[in-house]
Amino acid sequence: PTLYEATPTLISESTDVQKTISITGAGIASATADQATLNLGVEVTKDTAGEAISENANLMAAVIEALKNQGISEDDIKTTNYNVYPQYDWSEDGRELVGYTVSNMVQVTVKDIDNVGNVIDVAGEAGANTINGISFGLSEEKMAELKTAAYILALGDAQYKADLIADTLGLTIRGVQSVTENSYTPVRSYMDYAESGMDMAMSSKAPTPIISGDLSVSVNVHIVFLFQ
């Protein structure tokens with residue numbers, strides 16, 4: 001038989017190395033908060049669990065009705081916590097059951113920022129005796145708008161830096177190899193809204209003052225530019 005000798009094929013490796021400049025650009029866009037989230041509810045203590053559950057349910061129904069009368073949609077009222085637990089008096093002889101506490105908390109999204117004070121007041125008048133916190137944020141529409149603005153600013157910042165480096169060093173930017181980004185949206189919070197503050201607002205009949213302030217969306221972009 002005839003023997004054939006295989007001839008190896010040589011694959012040449014490219015010696016071209018891409019020249020790159022890595023730049024980070026930053027952009028920030030701000031706007032006044034356009035919605036708020038309240039965590040409020042009713043806490044009731046009675047001799048029996050049944051009494052506590054019943055009274056809590058009645059008060060909570062009145063609170064929710066009052067919230068709806070302020071234009072709050074049912075979709076914007078969500079139960080976050082419901083607890084029933086015993087209360088004891090402790091002494092040297094041990095513990096003695098003195099009653100039961102029922103706590104029912106809801107999260108309320110207020111989309112009319114100017115109505116937050118009124119919402120707090122009417123909830124308190126209807127029977128809400130606990131507010132765990134108020135946080136201010138941006139609606140999805142406003143957040144998307146600010147992120148776009150911040151993104152454009154960040155890209156412009158990165159491009160400016162790349163052009164400055166290229167002009168100073170006598171280089172020519174010929175493209176972009178990659179772009180990565182991250183964004184951050186802070187939320188302004190006022191936590192632990194005191195019950196005494198609520199009672200004071202109710203007794204004086206003056207609207208509860210709420211100042212939301214501005215919120216910002218920041219975007220950072222990392223761009224790898226190609227140059228020659």
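This briefing walks through a three-stranded sheet, the helix packed on it, and a set of salt bridges.

The model is a predicted one, so please read each point below with that in mind. The sheet is open and has the strand order β1-β8-β6, with antiparallel pairing. Helix α3 packs on that sheet, and a search of the whole structure turns up five salt bridges.

**The sheet**

- Three strands make up this open sheet, in the order β1-β8-β6, and their pairing is antiparallel.
- β1 (20-32) and β6 (173-184) stand at the edges with a single partner strand each, so one side of each has no neighbour in the sheet.
- From one strand to the next, the twist averages 20 degrees.

**Strand pairing in detail**

- β1 pairs with β8 in the antiparallel sense over 13 bridges.
- Within β8, V219 is the residue that stands opposite G27.
- V219 in β8 is also the bridge partner of S183.
- β6 and β8 (residues 214-227) are joined by ten bridges, again in the antiparallel sense.
- Further along, S178 has V224 of β8 opposite.

**The helix on the sheet**

- Helix α3 spans residues 140-169 and touches β1, β6 and β8 as it packs on the sheet.
- The direction of α3 makes about 145 degrees with that of β1.

**Salt bridges**

- Side chains of opposite charge can pair when their charged atoms come close.
- The whole structure holds five salt bridges, among them the pairs described next.
- E55 and K46 meet through their side chains at 3.1 Å, N to O.
- E55 is partly exposed, with a relative accessible area of 31%, and K46 also counts as partly exposed, at 31% relative accessibility.
- E145 forms a salt bridge with K142, with the closest N and O atoms 3.7 Å apart.
- E145 and K142 lie three residues apart in helix α3, so about one helical turn separates them.
- E145 counts as partly exposed at 49% relative accessibility, and K142 is partly exposed with a relative accessible area of 24%.
- The side chains of D157 and K161 meet in a salt bridge at 3.3 Å, N to O.
- D157 and K161 are four residues apart in helix α3, which means that they are separated by about one helical turn.
- K161, at 33% relative accessibility, counts as partly exposed.

Definitions and conventions:
Residues numbered from 1 in each chain as written. Predicted model: local features only at pLDDT ≥ 70, side-chain atom pairs only at ≥ 80, totals over all residues. Heavy atoms only, no water. Pairing = 2+ DSSP bridges. Helix = DSSP H or I, 4+ residues; strand = E, 2+ residues; numbered from the N terminus. Axes fitted to C-alpha atoms, helices over the stretch in contact; angles between N-to-C directions. Contact = heavy atoms within 4.5 Å. Salt bridge = Lys/Arg side-chain N within 4 Å of Asp/Glu carboxyl O. Buried < 20%, exposed > 50% of the residue type's maximum accessible area, 1.4 Å probe, protein only.
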